[in-house]
Each structure stands twice: as structure tokens, then as C-alpha cells.
Amino acid sequence: MDKNWNDIDVFAKEAIKEAGRKIIDSFDEVLKIQTKTNVNDLVTNMDKQIEKFFVEMIDKQYPEHRVMGEEGFGDQVEDMKGTVWIIDPIDGTMNFVHQQRNFAISIGVFHEGEGVLGYIYDVVSDELYHARKGHGAFLNDEKLSPLKDVPIEEAILSLNATWLVPNRKVDHETFIPLVHRVRGTRSYGSAAIELAYIAAGRLDGYITLRLSPWDFAGGKVLIEEVGGVVTDLNGEELSMVDHSPVFAGNPAVHQEVLNQYLKK
Ligand code: IPD
Ligand code: CA
Ligand code: CA
Ligand code: CA
């Protein structure tokens with residue numbers, strides 16, 4: 001790797017903090033809210049403004065890099081050649097609109113398909129989770145410990161209610177015995193925060209039926225840096241250019257849930 005990843009890391013952190021300040025400042029203003037694929041799929045002027053901010057900053061500083069962003073202001077990225085920034089300007093837009101908390105900026109920087117830098121910034125809590133492959137993962141200035149094995153009976157699993165109802169992706173009854181067995185379940189409404197919590201050991205697993213690369217790119221780098229696992233529901237590697245069901249977790253929990261509940 002010929003790049004100065006340290007400089008890119010410093011640049012990314014500064015841009016993320018500045019974006020966070022812009023979001024906090026917007027709390028005093030009236031949001032423009034629109035819908036996307038359905039009435040509950042929200043997007044605001046801030047999602048767009050923040051993505052544009054990152055795209056312009058990166059274009060100026062690193063014109064040879066490409067950007068894949070949820071709101072479409074970056075490049076049309078169809079492969080992972082070179083250096084690609086995968087950006088979700090606001091993950092948890094519904095929480096942003098309704099709660100003004102529990103949302104995050106999520107960024108993964110990949111080089112030739114490999115995750116090198118990962119960031120998840122819980123703006124309101126001022127918690128910046130950041131990782132550089134081979135150099136450790138941190139929550140603000142505190143180094144995150146490698147994940148320790150957790151027995152399923154003591155695990156907290158994050159999942160949302162979509163699998164409670166019949167759906168096309170999994171038999172919705174698959175998870176009933178698992179939900180009975182774990183210590184507890186949670187649902188925060190921001191994939192990025194749920195992935196960051198796995199990296200920090202606050203959650204032991206996260207199962208969800210459909211995410212896009214910008215939802216999981218930053219989290220994947222963070223979780224892998226502390227020895228966790230991020231795959232699809234069959235334990236297969238995720239594509240960084242396609243949406244997919246996602247199962248992330250502590251390695252022990254991931255393996256047991258995969259073998260006992262998910263693998264056919
Ligand atoms: C959404 C959130 C949510 C997840 C959805 C995502 P957005 O991202 O991460 O928790 O369940 O699948 O689309 O649209 O708020 O960035
Ligand atoms: Ca969205
Ligand atoms: Ca998202
Ligand atoms: Ca988003």
C-alpha cells in the first residue's frame with residue numbers, strides 16, 4: 001500500500017467532526033423532509049447537504065479516490081478498484097427526524113476491495129468509533145479491546161421487527177427459539193450504531209434482512225479490527241457493491257447462531 005493512510009485518517013476525522021457540527025447546528029432549523037422508496041423511507045435536506053460536503057471535500061483533497069454515497073452525489077461505483085469511500089451521511093434518518101438522536105455518520109474507506117479505515121460517529125453522544133486495519137479500533141481516544149467469547153445465554157442481540165412478520169428472505173419463525181435463548185434483544189434503528197456497539201462489546205450480534213454497503217462499510221472495518229465477524233446470513237462474505245442481509249457479531253455468537261439457527 002503506497003498511500004499515506006495516516007494523512008487520510010486525519011483528514012477523514014476532521015471532515016466527520018465538521019459534518020457533525022453542521023448537523024447539530026441544523027437542529028434549530030426547519031428540516032425539509034421527503035420520502036424515497038416508500039412513505040416511511042425518509043430523506044432530509046441534511047442527508048443531502050452532508051453527503052455533498054463529504055463528496056466535495058474528498059474530490060478536492062483526493063481527486064483520484066471514488067465515493068459511493070447513499071444519496072447519489074458521489075460516483076457510480078460498480079467495482080472496488082482503487083480507493084473507494086463508502087458513505088452514509090446520516091444513518092438512522094428516521095431517528096434523526098423524530099428523535100434528534102440515535103443516528104450516525106458512517107464511512108468506510110476501501111483500497112482494492114480491502115477495508116482500511118472505518119468510522120461511525122454518533123453525533124449527539126459525541127462518540128467517534130474509528131479503526132484502521134492493523135492499527136486498532138477506538139472509541140474516541142480509548143482503544144477497544146478484542147471481543148471475548150460470549151455464551152449465547154449471555155448475549156444481547158440486536159434485530160428489528162421485520163423478521164417477526166412473514167418475508168421473502170428467511171422463515172420468520174427461525175429466530176423464535178434464538179430470541180428465547182439470548183439474554184436480551186434490542187433495536188436502535190441505526191445499522192451503523194448497532195455495528196459500532198458490536199465493536200465496543202455493547203451488543204453481541206446484529207441480524208438484519210437488508211442493508212446497503214453504506215450501512216455496513218464503516219462497521220465492517222471496525223468490527224473486524226476487534227476480531228468480530230460480518231457476513232450475510234449464510235456466513236458468506238458481503239459484496240461491497242450490492243445490498244444484502246447482514247449478520248454481524250462476536251465470533252463465538254456468530255458461529256453458534258450460524259450453525260444452530262441460520263445454516264440450512
Ligand atoms: C437505515 C437504518 C436502519 C436500517 C435500514 C437502513 P438510513 O438507514 O440503518 O436501521 O434498518 O435498513 O436503511 O436510511 O436511515 O440511512
Ligand atoms: Ca436512507
Ligand atoms: Ca443507512
Ligand atoms: Ca442514510
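Visitor: Which domains does the shell around ligand 1 draw on, and how many residues come from each?
Guide: This is a predicted model. In it, domain 1 (5-143) and domain 2 (152-262) each give at least three residues to the shell around ligand 1.

Visitor: What makes a residue count as being around ligand 1, and which residues come nearest?
Guide: The C-beta atom, placed from the backbone, has to lie within 6 Å of the molecule. There are 13 residues around ligand 1, and Asp91, Gly92, Thr93, Gly189 and Ala191 come nearest. Strand 4 (83-91) and strand 12 (205-211) are the elements that give two or more residues to this shell. Strand 12 has the largest share, with three residues.

Visitor: How is the shell around ligand 1 made up by class?
Guide: It has six polar, five charged and two nonpolar residues. Gly counts as polar in this scheme, therefore Gly92 and Gly189, both among the nearest residues, belong to the polar class.

Visitor: How far apart are the C-alpha centres of domain 1 and domain 2?
Guide: The two centres lie 21 Å apart. The contact between the domains takes 34 residues from domain 1 and 25 residues from domain 2. A contact requires C-beta atoms within 7 Å, so the distance between centres does not decide it.

Visitor: Which elements supply the side of domain 1 that touches domain 2?
Guide: Those with at least two residues there include strand 3 (66-69), strand 4, helix 3 (93-99) and strand 5 (104-111). The largest share, six residues, comes from strand 6. By class, this side of domain 1 has 17 nonpolar, 10 polar and seven charged residues.

Visitor: How do you know that strand 10 (residues 156-159) and strand 11 (residues 184-186) pair?
Guide: Pairing needs at least two bridges, and these strands are joined by three, so strand 10 and strand 11 pair. They run parallel. Leu157, for instance, has Thr185 as its bridge partner in strand 11.

Visitor: Which way does the chain cross from strand 10 to strand 11, and what is the hand of the crossover?
Guide: The chain goes through helix 4 (residues 176-181), and this β-α-β crossover is right-handed. The name applies because, with the strands pointing away from the viewer, the path over the helix runs clockwise.

Visitor: How many bridges join strand 10 to strand 12?
Guide: Three bridges join them, and the two strands run parallel. In strand 12, Leu157 has Gly205 as its bridge partner, and Ser158 stands opposite Tyr206.

Visitor: What is the order of the open sheet of five strands, and why is one side of strand 11 and of strand 13 left without a neighbour?
Guide: The order is 11-10-12-14-13, with mixed pairing. Strand 11 and strand 13 (229-231) each have a single partner strand, so one side of each has no neighbour in the sheet. Direction ignored, neighbouring strands here are turned by 15° against each other on average. Helix 5 packs on this sheet, touching strand 10, strand 12 and strand 14 (244-249), and its direction makes about 150° with that of strand 12.

Visitor: What makes strand 3 and strand 9 (142-143) edge strands?
Guide: Each of them pairs on one side only. They belong to an open sheet of seven strands in the order 3-4-5-6-7-8-9, with mixed pairing.

Visitor: How do you know that strand 8 and strand 9 pair, and in which sense?
Guide: They share two bridges, and at least two are needed, so the condition is met. The sense is antiparallel. Phe138 stands opposite Lys143 in strand 9.

Visitor: Which strands do helix 2 (residues 45-61) and helix 5 (residues 191-199) lie across?
Guide: Helix 2 lies across strand 3 and strand 4, at about 155° to strand 4. Helix 5 lies across strand 4, strand 5, strand 6, strand 7 and strand 8, at about 105° to strand 6.

Conventions
Residues are numbered from 1 along each chain as its sequence is written. Chains are lettered from A and ligands numbered from 1 in the order in which they are written. This is a predicted model: local features need pLDDT of at least 70, side-chain atom pairs count only at pLDDT 80 or more; totals for chains, interfaces and linings use all residues. Helices (H or I, at least four residues) and strands (E, at least two) are DSSP runs, numbered from the N terminus. Domain bounds come from an automatic or database domain assignment. Two residues are in contact if their C-beta atoms, placed from the backbone, lie within 7 Å. Axes are lines fitted to C-alpha atoms, for helices over the stretch in contact, and angles run from 0 to 180 degrees between N-to-C directions.
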